[in-house]
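Trainee: Could you take me through one part of this model in detail? I would like a close look at the largest nonpolar core.

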Amino acid sequence: MAGALLLGGGFFSAVAAETWVDTKGRIDEVVADTTTVPLSSTLQPLSTRIPFTNFRYPYVDAELNVTFIADDPLIGQTKGDHLGIYRSSAADGRLLALVSGRETIVPGTTDARFISILGLHMGDNLSDFVFNAASTDNRQGIYLWRKGTLETIARTGETNVETGVLTGVDYASYSGTKIVYTATTAAGPLLALYDVVARTHTVLVHAGQAIPDGDGATFRYFSPQNWNNLGEIAFRAARVDDPHGTNTPNRGIYAWVKDAAGKLPAPTLASLRRVVDWNTPVPGLPGEAFTSIHSAPIRNGLITFVARGKSFSGIYWMPANESTPRVIADTTTGLSGLFENTFTQFAIYPTIIDREIIFQAGAGRFVGVFLYRPDSDALFLLADNRQPVEGKQVLTFEIASECLIGERLALKAMFTDRSQGVYLATIPGQALSRPAAPKR
């Protein structure tokens, strides 16, 4: 059993939520860490059995199985020899290799193998998933694993869409029978929709098309990660070719969402709406603008996102069919009794589960995983680094888009000695009782 994460309580002072709650959650199960021995290979019996070196995106399903990427060489960690997508079995404790960089043959090829795996994203059943991968034949692709079978969705140099043959592919989001992904052709970047049943690709938006309410600007850039939730689609884009490394407000979030009657429009340019962009007022900070807008999941009528400006950063939420963001917390927010001063950082990948927003934030050396309930304006601390885990000090956490099932939270921890682990924490159900909404 891992060391416990002990949580504190106090008063939340900010322009947003006014209370925060001690859940008394604790890490109590090691899924895999850098002492875990990967599966031996029946195809390569002489391969050396060594520990995993890094992990990404731990997902947990209703049976408490945890799916994650291990030993990807592209995340700045020590290179491992067991690249793959693994699933821990809660029933018998086994660790299953669903996709193996050594052994899995890329679909449609005779002998190509995966050399990097990125952007793991689970489907609605929390069993099937999509991912982005590079392979030994110098192709980049998007792949779907479902019911134990691996399929190619799109590959550079092979897949032909309306604007040409794909020259680059980024990340994908899988929901229902549709996969949304960003890609590039010689004509420029685009956002595409793949129908898993019909096996067809449709370009939803491409470079050069007009941005809704965009002051006459056109789409020039699409951010890698997009979000699809049963037909509601959100993506980030910019009016310049390269919005990175600039404090000029050039980005926005755009979406196809249900209307007030719950009807979902066909995903056409005419029905696409602006959610936020460079003209959107920053809540609580007059005169500021969003210069950088990060991952923006959409679910159950809500959108959340992390954004930065010239002198701030924060996490925000809003009803998907509105255009006024609300702040959950930003760098003017402090949590009395938990850390001194105010938040200093927000991890760029929040998630929405049901109607609850989960995110990671830090203040100096403190880092924590929080849950926010928009319906009651209440904030819960789920895990933090004030106590060691397995005798080691946590440096940071990482969560995936499906990280909480009932009382169980899946998360990755990176420690100050640069080792890593994937863990399950227990969040006592009684601690998540909804407090009364604060009086205004």
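Mentor: Happily! The largest nonpolar core holds 22 residues, and Ile358, Val369, Leu382, Phe397, Leu404, Leu409 and Leu411 touch the most other members. By nonpolar core I mean a set of buried Ala, Val, Leu, Ile, Met, Phe, Trp, Tyr and Cys residues joined through side-chain atoms within 4.5 Å; buried is under 20% relative accessible area, with a 1.4 Å probe and protein chains only. Two or more residues of this core come from each of strand E32 (366-373), strand E33 (378-384), strand E34 (394-398), strand E36 (408-415) and strand E37 (420-426). Strands here are DSSP runs (E, at least two residues), numbered from the N terminus.

This is a predicted model, where local features need pLDDT of at least 70 and side-chain atom pairs count only at pLDDT 80 or more, while totals for chains, interfaces and linings use all residues. Residues are numbered from 1 along each chain as its sequence is written, and side-chain values use heavy atoms, leaving out hydrogens and water.

Now take Val369. Leaving aside residues up to four places away in sequence, Val369 touches Ile358, Phe359, Gln360, Phe380, Leu381, Leu382, Ala383, Phe397, Ile399, Leu409 and Leu411, a contact being heavy atoms within 4.5 Å.

For the wider setting, the chain has 37 strands and zero helices (H or I runs of at least four residues). Of its 440 residues, 59% count as buried. Among contacts between residues at least 6 apart in sequence, 47% join residues at least 24 apart.

Methods. Buried < 20%, exposed > 50% of the residue type's maximum accessible area, 1.4 Å probe, protein only.
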